[in-house]
Every structure is written in C-alpha cells, then in structure tokens.
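The following exercises concern confidence, symmetry, interfaces and selected residues. Each task is followed by a solution in steps.

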Number of protein chains: 4
Amino acid sequence: MKTTVIKELVNVELKNPILVEGFPGLGMVGSIATQYLVKQLKAQKLATLYSPHFPYHVLVDKKGGARLLRGEFYLWKNETGENDFILLTGDSQAQTIEGQFEVANRILDFAEKKKVKTIITLGGYRNEVEDTPKVVAVSTNPALFERALKARAISSEAGTPIVGTAGLLLGLAKFRKIDAVCLLGETRGYLPDPKTAKSVIEVLQGIFNVNVDLKGLDEEIERSKEILGRMQDIEKRRVKYVQKMRRVEEERITYIS
Amino acid sequence: MKTTVIKELVNVELKNPILVEGFPGLGMVGSIATQYLVKQLKAQKLATLYSPHFPYHVLVDKKGGARLLRGEFYLWKNETGENDFILLTGDSQAQTIEGQFEVANRILDFAEKKKVKTIITLGGYRNEVEDTPKVVAVSTNPALFERALKARAISSEAGTPIVGTAGLLLGLAKFRKIDAVCLLGETRGYLPDPKTAKSVIEVLQGIFNVNVDLKGLDEEIERSKEILGRMQDIEKRRVKYVQKMRRVEEERITYIS
Amino acid sequence: MKTTVIKELVNVELKNPILVEGFPGLGMVGSIATQYLVKQLKAQKLATLYSPHFPYHVLVDKKGGARLLRGEFYLWKNETGENDFILLTGDSQAQTIEGQFEVANRILDFAEKKKVKTIITLGGYRNEVEDTPKVVAVSTNPALFERALKARAISSEAGTPIVGTAGLLLGLAKFRKIDAVCLLGETRGYLPDPKTAKSVIEVLQGIFNVNVDLKGLDEEIERSKEILGRMQDIEKRRVKYVQKMRRVEEERITYIS
Amino acid sequence: MKTTVIKELVNVELKNPILVEGFPGLGMVGSIATQYLVKQLKAQKLATLYSPHFPYHVLVDKKGGARLLRGEFYLWKNETGENDFILLTGDSQAQTIEGQFEVANRILDFAEKKKVKTIITLGGYRNEVEDTPKVVAVSTNPALFERALKARAISSEAGTPIVGTAGLLLGLAKFRKIDAVCLLGETRGYLPDPKTAKSVIEVLQGIFNVNVDLKGLDEEIERSKEILGRMQDIEKRRVKYVQKMRRVEEERITYIS
C-alpha cells in the first residue's frame with residue numbers, strides 16, 4: 001500500500017447512486033450523521049478505503065483483534081425512490097496536505113466508476129448555537145443549491161473556507177463533471193454533536209425526499225446533554241476551587257504583611 | 001491531480017509576452033499589485049493553476065458555490081506596445097518545500113510554452129516605511145537591473161534571501177534561459193499594503209513603459225489608512241486599560257501592605 | 001536508497017518461521033525483549049533493513065567506525081520445536097506517516113518471501129504498574145488470541161490505538177493472509193523497562209512453548225532499579241532544595257514587609 | 001527539477017580523487033574549513049548541486065542578481081601529490097529526512113562517476129573548548145582511522161550520533177565500496193568557529209600529507225575573537241542593567257511597604 005486504495009467487497013448494480021460523505025471533523029457532525037444513516041437504513045458494506053496518509057496506528061476491536069484506520073462505503077438500496085445512496089464514513093482524515101488531495105481523488109475515482117452524478121458532503125462549522133443548529137449549504141450546481149435553501153439550509157458568506165475532505169470533494173468534483181453539495185451544521189465543536197448532525201440530516205432529507213426515522217438520534221442527543229451537564233458541573237467546581245484557593249492565598253499574604 | 005497542473009482556457013497568439021507574478025506574501029504587496037493590473041487593464045483569463053501543495057480547503061464564492069485554491073493567469077493584449085503581458089496571481093503559495101519548487105517549475109513550463117522571455121516577480125520585504133515605500137530590484141540580467149534602477153528601484157544587500165515563488169522563479173528561470181527581475185516593495189507587512197503595491201507598479205511602469213491609471217489604488221490606500229487608524233485607536237485604548245488596571249493593582253498591594 | 005530496502009546476508013532454509021518484531025518504543029519494551037532473545041538464543045544475523053525514513057544520522061561504533069540506523073533480522077534455528085524464529089529489532093522507527101507504512105510493508109514483503117505464517121509484535125503501553133507488569137494481547141486470529149490469554153495475557157479495551165510498527169504490522173498482515181499477534185506490556189515508559197520486557201517474553205514463551213533462560217534479564221532489572229533509585233534520590237534532593245529556597249524567599253518578603 | 005541534480009561545468013581527467021565535504025552545520029566548522037581550502041588552493045569550479053529539498057528561497061548576489069541555494073564542487077589539481085581533491089561545500093543542508101538521504105546519494109553518485117575512492121566529511125560537535133579544539137575521527141576503514149589518530153585526532157564514544165550530510169555520506173559510502181572518514185572539531189557552536197575549522201584542517205593535512213598555508217585562517221580567528229569579545233561586553237552590560245533594575249524594584253517595594 002504505497003498509495004490510497006479502495007477494496008470493493010461486493011459488485012452490485014446501482015440505480016443513479018448519490019454519494020454521501022461524512023468523515024470525522026468539527027463536532028463529529030459529518031461522521032455522526034453518516035453513521036446514523038448507515039445504521040438506520042441498514043446499509044450494506046460495499047467497499048473499504050485504506051491510506052498510508054491516515055495516522056499510523058491500528059485500533060483494537062471488540063473481539064481482541066485490530067484493524068487499520070479506514071474509510072467505509074455502505075450501500076442503501078433505495079427501493080422506492082430514484083436514487084440508491086452510497087454512504088461513506090471513516091475513522092480519520094488524511095494527515096498531510098498531499099494525502100488529503102490523494103484521498104479525495106481516490107474517492108472521486110470510485111464515484112466515477114460507480115456512475116455517481118451527485119455528491120453530498122456533511123460536516124460542521126464553528127459557531128455559537130442558539131436553539132436549533134443552522135445548516136449552511138454550498139453547491140457547485142445552482143439548482144441543487146436552490147433545493148438546499150428550500151430544505152431550510154442557509155447560504156454562507158463568500159470567502160469562507162471549507163477544510164478537509166468535505167471541501168476538497170466539492171472542489172475536485174467539478175473536474176469530473178459531478179455535482180456536489182456541502183451541508184455544514186453549526187456546532188460549538190468541542191464535543192461530538194448529534195443535535196447538529198440531526199439538523200444536517202433534516203436538510204438532506206428535504207433535498208432528496210428521503211424519509212429516515214430520527215428517534216435514535218434523539219436518544220444520542222439526550223445522552224450528549226447529560227455528558228455536557230456533567231462536564232459543566234466539573235468545570236463549575238474547578239472554578240470554585242480556584243477562587244477559594246485564591247482567597248486563602250490572599251489571606252496568607254495579608255497575614256505575612 | 002497528483003501534481004500541479006495548469007489548465008488553459010483559451011489559445012491566443014501572444015506578442016513577445018512578459019510574465020508578471022504576484023502571489024500572496026508579505027503585506028500582500030505582490031497580489032494587490034497584480035490584481036489591480038488585472039482589473040485596470042481588463043485582462044482576459046488565460047489559464048488556471050491547481051496544486052495538491054496548496055492548502056486543502058475550498059473557498060465559498062458569491063453564488064453559493066465553492067472552488068479550490070488556485071493560481072490564475074490573465075492576458076493583457078498590449079495593442080500599442082511591443083509586449084503582451086501575462087499576469088499571474090492566486091490565493092496561496094505552496095505549503096511545503098517540495099511543493100514550492102514544483103509550482104515554480106510548472107509556472108516556468110507554461111512560460112516557456114508561451115515563449116515568455118522575461119519574468120517579473122512582485123512582492124514585499126519587511127522594513128519600517130517612511131513616506132514613499134522604497135522598491136528593491138534584483139535581476140538575473142544586468143541590463144534589466146539597470147533599467148529597474150533608472151525606474152527608481154534601489155539595489156539590495158548581497159546575501160538577502162527572497163523567499164517563496166517570487167524568489168524561486170528568479171532562481172529557476174536561469175535554467176530556462178528566461179530573464180527575470182524581482183521587485184520588492186518595503187512594507188511593515190502586518191496589513192494588506194496597497195501603498196507599497198503602488199510603488200511597485202510605478203517601478204514596473206518605468207521599466208516597461210506601460211501606462212496604468214493608479215487612481216483606483218489611491219482609493220484602496222485611503223481605505224487601508226482608515227482601517228489602520230481604527231486599529232491604532234483600539235490599541236491605544238487597550239494600552240490605557242492595561243495601565244489603569246496596573247495602577248489599581250498597585251494600590252491594592254499598597255493597601256494590603 | 002530512495003526507498004526502504006532489506007539486504008539479505010545469508011540464504012538458509014527456514015522451518016515454518018515465526019517473525020518476532022520489537023522496535024524501540026514506549027519503555028523500549030519491544031527492543032529490550034527482542035534483543036535479549038537474540039543474545040540468549042545466539043541467533044544468527046539474517047538480513048538488514050535500511051530506510052530513508054529513519055533519522056538522518058549515523059551512529060559511531062566501538063571500533064571508530066559508523067553505520068546508518070537500521071533494522072536487523074536474526075534467525076534462531078529452533079532444533080527441537082516446530083518453528084524457526086526470525087527476530088527483528090532496530091535502532092529507530094520511521095519518522096513520517098508515509099515512512100511508517102513503507103517500512104511495515106517492506107517487512108511484510110520479506111516475511112512473505114520467507115513464508116512466515118505468524119507474526120508477533122512486541123511493545124509497551126503506558127500505565128501505572130503494580131508489582132508484575134500486565135501484558136495485553138491483540139490478535140488478528142481468534143485461536144492465537146485464545147492461546148495468548150491462556151499464557152496469561154489480558155485483553156484490551158476496544159478502540160485502543162496501537163501506534164507504530166507493532167500496530168501497522170498487525171493491520172497490514174491481514175492483506176497478506178499472515179496471522180499476527182501483538183503483545184504490549186504495561187510500563188511507566190519514561191525509562192528502559194526490562195521488567196516489563198520480561199513479562200512480555202513470558203507470555204511469548206507460553207504461547208509458543210519456547211524455553212528461554214531469563215536470568216540475564218533479571219540482572220538488567222536489578223541495574224535498572226539502581227538507576228531508578230538514584231534518579232529518585234536526585235529528585236528528592238531537588239524538591240527539598242526548592243522548598244528551602246521558597247522558605248528563604250518567604251522570610252525575605254516578611255522582612256521587607 | 002523534481003529531484004536533486006548535479007550540473008557539471010567542466011570535464012577534466014582526475015588523478016585518484018579524494019572528496020572533501022563541508023556543508024554548513026554546528027559552528028559552521030565544515031563549511032569554513034572547506035571554503036578556506038577552496039580559496040587557498042585556488043580550486044576550480046567543477047559542478048553545482050541543486051535540490052528541491054533545500055530551503056525555498058534565493059540569495060541576492062553582489063551584482064544585483066540572485067541565485068538558488070546550491071552545493072558547489074571545486075577541483076584542486078594536486079600537482080605534486082598522488083591525489084587530486086574535490087572540495088564540496090554549499091549554502092545549506094536538505095530540510096527534510098528524505099531530502100537528506102537524496103542529497104547524500106546524489107553526491108555519492110557523482111563521487112562514483114569521478115572514481116572517488118575516499119571521502120572526508122568535515123563538521124563540528126558541541127563541547128566546551130579548552131585551548132586548542134580537539135578533533136574526533138570516525139572512519140569506515142580501520143587503516144584510515146589509524147592514520148587520523150596519528151594525525152592527532154581522537155576517537156569518539158560508541159553510540160554518538162553524527163547528524164546530517166557529514167554522517168550520511170559515511171553511512172551510505174559503504175554500499176558503494178568507498179572509504180570514508182569524518183573529522184568533527186569540538187566547538188561551542190553558537191558562532192562561526194574558524195579556530196575549530198583550523199584544527200580540523202590540521203588533522204586533514206596530517207592524514208593526507210597536504211600542505212596548506214593557514215595564515216589566512218588565523219586572521220579569521222582574530223576577527224571572530226573580536227566579535228566574541230564585543231558580544232560578551234554587550235552581555236555583561238545587559239546583566240548589569242538587569243541587576244540594577246532589580247535593585248531599583250526592590251527599593252520601590254520596600255518603599256511601598
């Protein structure tokens with residue numbers, strides 16, 4: 001493995017497939033959303049991506065084994081709609097500039113081979129979130145952009161950078177004549193953020209007229225609130241402790257004087 | 001895209017073309033100057049440069065789309081003079097040593113193909129600026145160097161490094177038997193500096209007998225003065241605040257004692 | 001040498017060889033264990049691995065010469081058992097992500113050529129050690145994993161990363177249809193740790209029914225205890241000194257006040 | 001220039017040539033020594049080495065031109081002795097691990113082509129210097145090592161690393177069946193150190209029975225002593241100033257109290 005490779009596991013006929021990408025990134029928004037879709041749609045494993053630009057470690061699995069970091073392509077045969085969906089998620093993004101471009105290009109090679117005409121990349125952008133997280137849409141195709149806005153996405157300020165695979169796929173898809181849309185949900189970004197992932201899926205559903213049960217995601221949101229609550233408690237106690245120690249110190253200084 | 005590529009958009013006959021390069025760098029001097037020339041001369045887009053050594057993000061555009069970082073070659077058909085001008089600017093420089101060499105070599109491949117005999121690279125060097133910014137000239141061709149000095153450029157101390165594309169093009173052009181001159185305007189460098197960009201263009205005009213209306217640049221200079229003024233106000237208030245807090249602290253210590 | 005190379009010194013027939021890898025890492029556990037096996041089993045030098053991804057220096061040797069950093073393959077002809085052992089250790093691991101993958105793949109090329117069916121990688125993981133250091137086992141083969149647990153290894157939590165050559169060999173071996181097991185001994189990791197190396201060898205012995213005299217390792221453990229003791233003495237004296245200086249300082253402040 | 005290249009300027013017959021390498025490094029010992037030999041022996045320029053692994057800038061020259069960083073091979077036709085000398089020095093070492101290996105291998109390609117049988121690399125190692133700087137010798141050839149010791153070099157402790165081109169040439173020369181010796185002079189290393197360079201040349205003279213007038217180097221040594229003296233004066237005044245400010249501060253605190 002001198003270069004990024006994609007190993008196909010099954011060879012199935014695909015119906016106008018759409019590729020949805022969600023690699024780990026800010027608030028894990030893209031990967032939470034994509035992994036939820038994989039689970040909820042009972043998508044079938046299609047192919048695995050390995051890269052010498054991923055971090056050089058393996059991960060222990062539940063059975064005492066271990067595996068390289070990887071990307072995974074899943075297939076959702078969409079029986080009722082017009083498009084099958086290929087769902088791509090993974091453990092990590094490439095760790096170097098050149099690796100980022102190589103991985104994005106290998107993904108596009110695979111997309112071309114599978115006759116993908118539309119790519120959707122999912123991710124997060126840092127913002128203070130009030131109530132329901134907003135979702136920004138960016139697209140290389142004006143019609144697709146309009147559909148995203150109708151599905152309640154908002155537009156982004158010109159000049160905003162979109163970093164990593166979610167951005168590069170958009171930029172590089174043009175050279176393959178593949179349309180692409182990027183959906184970025186706002187997130188504080190310092191914890192995995194299923195709430196923003198839900199907002200992103202809702203826009204995705206609106207654009208492509210897909211119907212996915214999001215109850216499971218609500219449970220994740222509840223769990224993440226609890227974690228956040230506990231972390232905030234710890235932080236409050238830490239601040240109190242520091243303040244108390246400071247008063248003790250001041251009294252000591254006063255005493256010495 | 002495993003390597004830096006240049007995609008040509010039009011194929012036009014060029015008259016003894018001169019290549020002017022101004023990528024982002026210190027004070028954005030080179031890119032401000034080149035972009036101004038492109039706008040003022042209504043230059044026509046000629047080719048686009050993409051590189052896997054540019055930062056791995058895309059930029060959102062005004063229409064909700066996005067694009068890779070890139071270099072852009074523009075053509076100014078110089079109806080009255082002897083030379084057409086190819087103007088090259090871009091979003092970024094390559095991010096690795098090897099990438100810097102690769103991008104500079106691809107630019108020179110393109111220059112050779114277009115039968116460019118002279119290259120001018122524009123940029124800034126850090127200095128305290130009094131009144132009108134000085135412009136340093138460095139050239140691989142003594143006659144060109146003399147013309148730069150006559151156009152009021154000054155010479156640079158031996159041993160001075162010229163970093164990045166502006167420097168490498170100079171160093172690598174020799175192997176292609178292309179003459180090159182580098183014009184560097186002095187700049188404090190911590191803000192985009194249209195004033196220094198103007199000085200650089202004035203030397204360029206003097207060398208090549210080109211006449212460009214610089215009024216538009218004067219407006220940019222006024223705007224940048226305002227920005228600088230506001231930033232200095234903020235800084236002054238910050239300093240005052242810090243000084244006040246220090247006095248309060250000193251009084252507190254005195255009291256404790 | 002543009003790429004990692006393995007130079008073979010002798011060409012001998014091997015009996016169902018097993019490859020044991022122990023490169024330098026946390027607490028030097030893997031390299032101490034493997035080097036002890038080489039010495040104790042009087043293993044014969046088989047091949048040398050050189051890589052342009054190792055640090056760019058040479059090491060002075062005892063005779064006034066110098067040599068590149070390298071990996072070394074040794075052969076233990078196991079007269080009584082079923083498997084010969086190839087022991088691989090070295091001076092350093094590759095210094096870049098891509099180098100790590102390249103070195104691991106060259107090692108596997110060599111293993112395939114030598115018809116290795118099983119690879120054991122040795123290393124350490126950071127933990128507070130109480131009494132006898134525990135050894136974690138991870139394996140791509142469930143039967144091998146069971147044998148490791150019977151030999152008193154314990155299992156590791158899912159999601160734990162195994163970094164470097166010890167991990168990558170495990171992850172990449174699958175593509176060559178080679179079984180692999182990784183044995184990681186717990187170590188504080190801030191000093192070479194022969195005690196943990198001993199624990200790791202004991203598990204290795206249990207799995208493969210090999211019998212190696214570990215007395216020599218006990219001597220190394222004694223020496224390392226002495227070094228640790230001396231370092232702790234130095235640390236205690238340092239802390240005392242700092243405390244004393246602080247008291248002096250406090251008295252000075254009190255006086256001034 | 002995708003890779004390191006050596007451009008030959010003249011093609012002359014060489015008599016059993018010896019290659020002396022002195023790139024910039026600790027205390028600039030290697031480059032000062034080699035450059036002095038070039039000047040003193042009036043050596044003729046033989047070839048130039050360029051590399052995309054050198055820093056990506058050019059250097060302004062005395063005539064207003066500029067050039068890439070480079071290595072330079074010079075030839076000293078040794079009329080009276082058995083060996084011609086190729087002297088190699090340069091502006092910089094390669095900036096990446098892989099670049100270091102590539103540059104060293106290109107130098108060895110050139111050495112092989114020129115039928116070089118012996119390479120001498122020069123450099124410095126960090127040490128407190130008393131009186132005359134000592135010179136350490138390391139060699140891949142025992143006879144050469146003995147000759148170095150007779151020429152008053154000393155041996156180095158086993159395990160000492162020799163970093164960079166001076167070390168890699170030694171390590172890689174073995175694969176080309178070229179003998180190599182490395183001479184490292186002790187130096188404090190924080191300033192260019194012509195005194196240590198002189199010690200290194202003296203050992204070199206002793207080994208190869210060459211006679212070079214070192215008076216010019218004595219002048220450089222005098223100049224560097226003056227610079228050092230001035231720097232020490234500045235340091236002393238700085239320390240005095242800091243001490244005075246501290247007393248003022250203490251008095252202020254006392255007063256406040």
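**Exercise 1. Classify Cys182(C) as buried or exposed, and determine how many disulfides the whole structure contains.**

Solution. The model is a predicted one.
Step 1. The relative accessible area of Cys182(C) is 0%. Burial requires a value under 20%, so Cys182(C) is buried.
Step 2. Cys182(B) likewise has a relative accessibility of 0% and counts as buried.
Step 3. The search for disulfides, run over all chains of the structure, returns 0.

**Exercise 2. State what confidence the predictor assigns to chain A and to the complex.**

Solution.
Step 1. For chain A, the mean pLDDT is 93. A pLDDT of 70 or more is reached by 96% of the residues of chain A.
Step 2. For the complex, the predictor reports an ipTM of 0.87 together with a pTM of 0.89.
Step 3. A caution applies to any such model: where pLDDT is low, the coordinates should not be read in detail.

**Exercise 3. Determine which rotation axis relates chain B to chain D.**

Solution.
Step 1. A turn of 90° with a shift of 0.2 Å along the axis lays chain B on chain D, and the RMSD is 0.1 Å.
Step 2. The two copies are therefore related as by a four-fold rotation axis.
Step 3. These copies use different surfaces, since 3% of the contact residues of chain B recur in chain D.
Step 4. Chain A is laid on chain B by a turn of 90° and a shift of 0.0 Å along the axis, with an RMSD of 0.1 Å. Only 3% of the interface residues of chain A are also interface residues in chain B, so these copies meet through different surfaces.

**Exercise 4. Describe the contact between chain A and chain B, and establish how far apart the nearest C-alpha atoms of chain B and chain C are.**

Solution.
Step 1. Chain A contributes 30 residues to the contact and chain B contributes 27 residues.
Step 2. About 2200 Å² is buried between chain A and chain B, and carbon and sulfur atoms give 68% of this area.
Step 3. Of the area that chain A buries against chain B, 25% comes from Ile97(A), Phe101(A) and Phe175(A), more than from any other three residues.
Step 4. Chain B and chain C do not touch, and their nearest C-alpha atoms are 7 Å apart. Chain A and chain D are likewise joined by no contact, with 9 Å between their closest C-alpha atoms.

**Exercise 5. Locate Ser51(C) and identify its contacts.**

Solution.
Step 1. Ser51(C) belongs to the loop between strand 3 (44-50) and strand 4 (57-60) of chain C.
Step 2. Its relative accessibility is 2%, so Ser51(C) counts as buried.
Step 3. Neighbours within four places in sequence are left aside; Ser51(C) then contacts Met1(C), Thr4(C) and Val103(C), as well as Phe101(D) of another chain.
Step 4. With Thr4(C), the contact includes a polar one between the two side chains, at 3.0 Å.

**Exercise 6. Characterise the positive phi angles of Lys42(A) and Lys177(A), and the location of each residue.**

Solution.
Step 1. Lys42(A) is not a glycine, yet it has a positive phi of about 50°. Lys42(A) sits in the loop between helix 1 (29-40) and strand 3 (44-50) of chain A. Its relative accessibility of 73% is over the 50% limit, so Lys42(A) counts as exposed.
Step 2. Lys177(A), also a residue other than glycine, has a positive phi near 55°. The loop between helix 4 (165-173) and strand 11 (179-187) of chain A holds Lys177(A). With a relative accessible area of 76%, Lys177(A) is exposed.

Methods. Residues numbered from 1 in each chain as written. Chains lettered and ligands numbered in written order. Predicted model: local features only at pLDDT ≥ 70, side-chain atom pairs only at ≥ 80, totals over all residues. Heavy atoms only, no water. pLDDT = per-residue confidence, 0-100. Least-squares fit on C-alpha atoms with pLDDT ≥ 70 in both. Contact = heavy atoms within 4.5 Å. Disulfide = S-S within 2.5 Å. Buried < 20%, exposed > 50% of the residue type's maximum accessible area, 1.4 Å probe, protein only. Helix = DSSP H or I, 4+ residues; strand = E, 2+ residues; numbered from the N terminus. Polar contact = N/O pair within 3.5 Å; in protein donor to acceptor, adjacent residues only side chain to side chain. Buried area = accessible area lost by both parts, 1.4 Å probe.
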